[in-house]
Amino acid sequence: MHKPSPPLEGPDAFQDQIRIVLVETSHSGNIGAVARAMKNMGLANLWLVNPNSFPDEASYARAAGASDILDRAQVVPTLDEALEDCVMVMGTSARGRKVPWPVLPPPEAAAIAAENSLAGPVALVFGRENHGLSNDELHRCHYHIHIPSNPDYSSLNLAMAVQVMCYELRMLFLRNLEGGKGSPYLTPMLAPGDAGWDVPPAKVGDVEGFFGHLEQTLQDVDFHRRDNPRQLMSRLRRLFQRAKLDQMEINILRGILSAVQKAAGASGNEKRTQAGTEPTGQEDGHV
């Protein structure tokens, strides 16, 4: 019926103690889509309360590589059976109930779910595609989870709603990796010097050599006049310094400038002497 799935990754508290519960799902394809959303974020424990059709080809087709989540899914006839051994229950809900209930946005709900999962299973309950959870079902929940979608178009696909909560749990897991140091996946990599960048940042002397070379090249092609500089070099300096160049980028740029000088008929040795220091590495720009 389906191909084997790659193994899951993640701690037991997130894989097994966080329980995704779907109540009376109408379309089996949505069950497969939920399984895919769960596996994307490292969750594995799926419970199905009285689904209209499961298992079937549509659910496995939509799972797209998360068939192992469906293989181990628990199918029960009532919500009571899905919740009886849980230490906490959270249900997705719209606001505006007659009797106010404790309501959490997804990030706070994920934090409380993760904390309580250390004591036992925590159920995140999602209702039917057409009308969600009933009032009686919501009364079984310690907290309601409200996803603050666009009020003019607030209806979320079932798998989308599950994905939001699984994502928040995943982010929480990554932030708490390695004794609170966090995951490298959450660390931005924006410029040379950041962890993961492949080339060291350019040194000040190399950058100054580039600026001298740039100014000389612009003069060689009659774009810039030293006797009437205006603000050209100041603005170009601001531009390139804002870019935070690495050493390879300096080499490439200086290789381009050398090629421009050659095409313009400039004397390479004389111009480099006027421009400043030679570029380090490959001055012709090849990498």
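How many of the residues of β2 are buried? Five of its five are, so to speak, under cover. Keep that strand in mind while going through the close-ups below, which come from a predicted model.

**View 1. The whole protein, before zooming in.** Here we have 287 residues, and 43% of them count as buried. The fold comes to 13 helices and seven strands. If you look just at contacts with a separation of 6 or more, 80% come from residues 24 or more positions apart. The accessible surface adds up to about 15900 Å², with carbon and sulfur atoms holding 53% of that area.

**View 2. The sheet, strand by strand.** Seven strands line up as β3-β2-β1-β6-β4-β7-β5 in an open sheet with parallel pairing. β3 (74-76) and β5 (103-104) sit at the edges with a single partner strand each, so one side of each has no neighbour in the sheet. At the β5 edge, two bridges tie this strand to β7 (residues 143-145), and the two run parallel. Look for Leu104 here: the residue opposite is Ile145 in β7.

**View 3. Two helices packed on the sheet.** Helix α2 (residues 28-40) packs on the sheet and touches both β1 (18-23) and β2 (45-49). The direction of α2 makes about 160° with that of β2. Helix α6 (residues 106-117) packs on the sheet too, touching β1, β4 (88-92), β5, β6 (122-126) and β7. For α6, the angle to look at is the one with β4, again about 160°.

**View 4. β2 and its neighbour β1.** Back to the strand we opened with. Both faces of β2 are covered. On one side you'll find Asn45, Trp47 and Val49, on the other Leu46 and Leu48, and all of them are buried. Five bridges join β2 to β1, and these two strands run parallel. One pair to pick out is Val23 with its bridge partner in β2, Val49.

**View 5. Arg72 and its surroundings.** The model holds seven salt bridges, and this view shows one of them. Arg72 pairs with Asp16, with 2.9 Å between the closest N and O atoms. The two come from distant parts of the chain, 56 residues apart: Arg72 is in the loop between α4 (67-71) and β3, while Asp16 is in the loop between α1 (12-15) and β1. Is each of them buried, exposed or partly exposed? Arg72 is partly exposed, at 38% relative accessible area, and Asp16 also counts as partly exposed, at 25%. Leaving aside residues up to four places away in sequence, Arg72 touches Asp16 and Ala44. The C-alpha atoms of Arg72 and Ala44 are separated by 8.4 Å, though these residues are 28 apart along the chain.

**View 6. Arg19 with Asp85.** Here the closest N and O atoms of the salt bridge are 2.8 Å apart. This pair links distant parts of the chain too, with Arg19 in strand β1 and Asp85 in the loop between α5 (79-83) and β4, 66 residues apart. The two ends of the bridge are covered to unlike degrees: Arg19 is buried at 4% relative accessible area, whereas Asp85 counts as partly exposed at 41%.

**View 7. Asp68 with Lys39, and a small network.** Asp68 and Lys39 meet through their side chains in a salt bridge, 3.0 Å from N to O. What you see is a link between two helices, since Asp68 belongs to α4 and Lys39 to α2, 29 residues apart. Lys39 is buried, with a relative accessible area of 15%. Which residues do salt bridges with shared partners join into one network? They are Glu24, Arg128 and Glu137.

**View 8. A nonpolar patch on the surface.** Val221, Phe223, Ile256 and Val260 make up this patch, and together they have about 360 Å² of accessible area. Val260 has its place in helix α12 (residues 247-263). With a relative accessible area of 33%, Val260 is partly exposed.

Terms used. Residues numbered from 1 in each chain as written. Predicted model: local features only at pLDDT ≥ 70, side-chain atom pairs only at ≥ 80, totals over all residues. Heavy atoms only, no water. Pairing = 2+ DSSP bridges. Helix = DSSP H or I, 4+ residues; strand = E, 2+ residues; numbered from the N terminus. Contact = heavy atoms within 4.5 Å. Axes fitted to C-alpha atoms, helices over the stretch in contact; angles between N-to-C directions. Patch = residues over 30% accessible without salt bridge, like charges linked within 9 Å, V, L, I, M, F, W, Y side chains within 5 Å. Areas by Shrake-Rupley, 256 points an atom, 1.4 Å probe, with all protein chains shown as cover. Salt bridge = Lys/Arg side-chain N within 4 Å of Asp/Glu carboxyl O. Buried < 20%, exposed > 50% of the residue type's maximum accessible area, 1.4 Å probe, protein only.
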